[in-house]
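Hello, and thanks for taking a look at this one with me. Please open the model beside the text and follow along point by point.

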Amino acid sequence: MTSLWLHGAQIPARLRLTPGSRFDTVVIGGGLTGLVTALLMAENGIEVAVVEGRRVGAGTTGSTTGKISLLQGTRAQQIAAHHSDHALRAYVEANRAGQEWLLRFCAEHRVPAERVAALTYAQNEDELSAVRAEFAATQKAGLATELLDEVDVPFPAHGAVRLADQAQLDPMALLAALAAEVESHGAPIYESTLVRGVHHGERGDLVVSTEHGELAARKVVLATGTPILDRGGFFARLTPQRSYLAAFAVDEPIPHDMYISAGSPTRSLRRVQGPDGELLLVGGNGHVVGRGGSTRRKADDLVSWARTWFPTATPVHQWSAQDYAPVDELPYVGPVLPGQNDIQLATGYAKWGLTNGVAAAIALAGRRVGDPPDWAGALASWRPSELKALPTATKVNGAVAQHLSAGWLRAVTRHDGAAPAEGCGAVLREGLHPTAVCTVDGTTTRVSAICPHLYGIVSWNDAERTWDCPLHGSRFAPDGTLLEGPATRSLTPLQMPRGTS
């Protein structure tokens, strides 16, 4: 399931790591936050390198909807319910700074970005209260939103809040320009280099351990979606969320603006200029990673919805994306541990990373050079409001504990030794060891079903043919290769028993 943006993206292969190199700052993660952070630091004369486990854009940025909006579904009212008016305004100012920086970069580097309005709409009358609440919260935050009683679209819409002059783009075109600009400042980008950990060396430097050797640095920035280091327990302060997207060729007129529903199931829409004409992009049906049953049904439901309201819709690309929601609604940007500024992180964008990710980079680079923006405190990684979020965190981690125990109990005993059917996977108990067995493209593989992060039992994702951990969102290829998440190692491969088919 390759995203529309990654399909045919022209991003050249980059350097392999030279072990023993030393930099002032190493940025781990080659998505939007990592590349903008590296660029801003390099522009300020800081010697920086980027280390990416796969390819630039292989994570969340390369699978996003490409919306650059300050109207973010119902985010404003959700933040307002947990924080002060000042914190909400600071969040909006942070995102405004991110949006302005991003659109200025696009204009200067000829990355196409189309200006359109953003709308949060009610799918039914029950969602009208959320639309009105979002209008009130965005007005309080200083956004020039307007409330609409009618919306001229072919799908059900019972009113909306609208914000003019937002933008949409191809995120991989953006990343290609950013990567080239980072390298033009002498900062290397090391791809296909999985980071295993970070520790303090004998000389006081940080040592970044990777699958290809070690790097030394004075500072490290974690821009990996969810932090790959367990220090600070951020995996317990985030909820990993998976959602589904599809691009359709349609004969019907495609709405000009960007839309997202105010309730569930989420429906997110925008228009995309494809190589052979305009496409309709539809996203939604989000859920916690590794939970909620068949992912194939969620992906198919999105296609069914599109065909209901755009009868000629033909899917040309289908994919999914992963992001992380913070327990107290605001992103975490700052030190991994309070008062220890040598390792910084950025996470918790709640699916609005194109503005939040750039804002995080601006804050991280600003702190590094001693000039943080005024709004940076609202995005701090450690803040007093975390105490108010304790009930939410307790609920989130209670669900994690439930899935941890249930995963171990659910593993079944294998009886006939037959391989799973094509595209299917199952967790089987062999003695005391849960084993994940699947068949993909005619090849049956066996790997340990135990996630190396915190020992959750993975579950089979039938839409993407991956093993997903329901605890904290680590994901693995059919052969156990690590794809994303807080885990830093792949699932352990196991041999096929003799005589199996």
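**Notes on the fold and a few local details**

1. Strand S1 (residues 22–28) runs parallel to strand S10 (residues 213–222), and six bridges link them. Within this pair, Val27 stands opposite Val221 of S10. For the terms: helices (H or I, at least four residues) and strands (E, at least two) are DSSP runs, numbered from the N terminus, and two strands pair if DSSP finds at least two bridges between them. This is a predicted model, in which local features need pLDDT of at least 70, side-chain atom pairs count only at pLDDT 80 or more, and totals for chains, interfaces and linings use all residues. Residues are numbered from 1 along each chain as its sequence is written, and side-chain values use heavy atoms, with hydrogens and water left out.

2. S10 has further partners to look at. Strand S9 (residues 206–210) is antiparallel to S10, with five bridges between them, and a hairpin connects S9 to S10 through two residues. Here Val208 has Leu215 of S10 as its bridge partner. S10 also pairs with S17, in the parallel sense and over three bridges; Leu222 is matched there with Leu345 of S17.

3. What does the chain look like as a whole? The protein chain holds eight helices and 26 strands. Its radius of gyration is 22 Å, close to the 23 Å that the globule rule gives for 501 residues, so the chain is as compact as a globular protein of that length. That radius is taken over C-alpha atoms, and the globule rule is 2.2 Å times the number of residues to the power 0.38. Along the principal axes, the C-alpha atoms fill a box of roughly 65 × 60 × 50 Å.

4. On burial and contacts, 58% of the 501 residues count as buried; buried means under 20% relative accessible area, exposed over 50%, and partly exposed in between (1.4 Å probe, protein chains only). Among contacts with a separation of 6 or more, 70% come from residues 24 or more positions apart, where contact means heavy atoms within 4.5 Å.

5. The surface and the charges deserve a brief entry. The chain exposes about 20200 Å², with carbon and sulfur atoms supplying 51% of it; accessible areas come from the Shrake-Rupley method with a 1.4 Å probe, and for residues only the protein chains shown count as cover. There are 44 positive and 50 negative side chains, and the centres of the two sets lie 6 Å apart. Lys and Arg count as positive and Asp and Glu as negative, while His and the chain ends are not counted. Each charge is placed at NZ of Lys, CZ of Arg, CG of Asp or CD of Glu.

6. Next, the antiparallel pairs around S14. Strand S11 (residues 238–249) is joined to strand S14 (residues 277–288) by seven bridges, antiparallel, with Phe248 facing Leu280 of S14 as its bridge partner. S13 and S14 run antiparallel too, with eight bridges; a hairpin of two residues joins them, and Arg267 has Gly284 as its bridge partner in S14.

7. Which peptide bond here is cis? The one from Ser264 to Pro265 is cis, with omega near -5°. Pro265 belongs to the loop between strand S12 (258–261) and strand S13 (267–274).

8. Please also check two positive phi angles outside glycine. Lys351 has a phi of about 75° and lies in the loop between strand S17 (340–347) and helix H7 (353–368); at 36% relative accessibility, Lys351 is partly exposed. Asp441 has a phi near 55° and sits in the loop between strand S20 (433–440) and strand S21 (443–448). With a relative accessible area of 67%, Asp441 is exposed.

9. A small open sheet may be worth a view: four strands in the order S22-S23-S24-S25, with antiparallel pairing. Strand S22 (459–461) and strand S25 (482–484) stand at the edges with a single partner strand each, so one side of each is left without a neighbour in the sheet.

10. Finally, Ala177 is in helix H5 (residues 171–184) and is buried, at 15% relative accessibility. Leaving out residues up to four places away in sequence, Ala177 touches Phe105, His109 and Val111.
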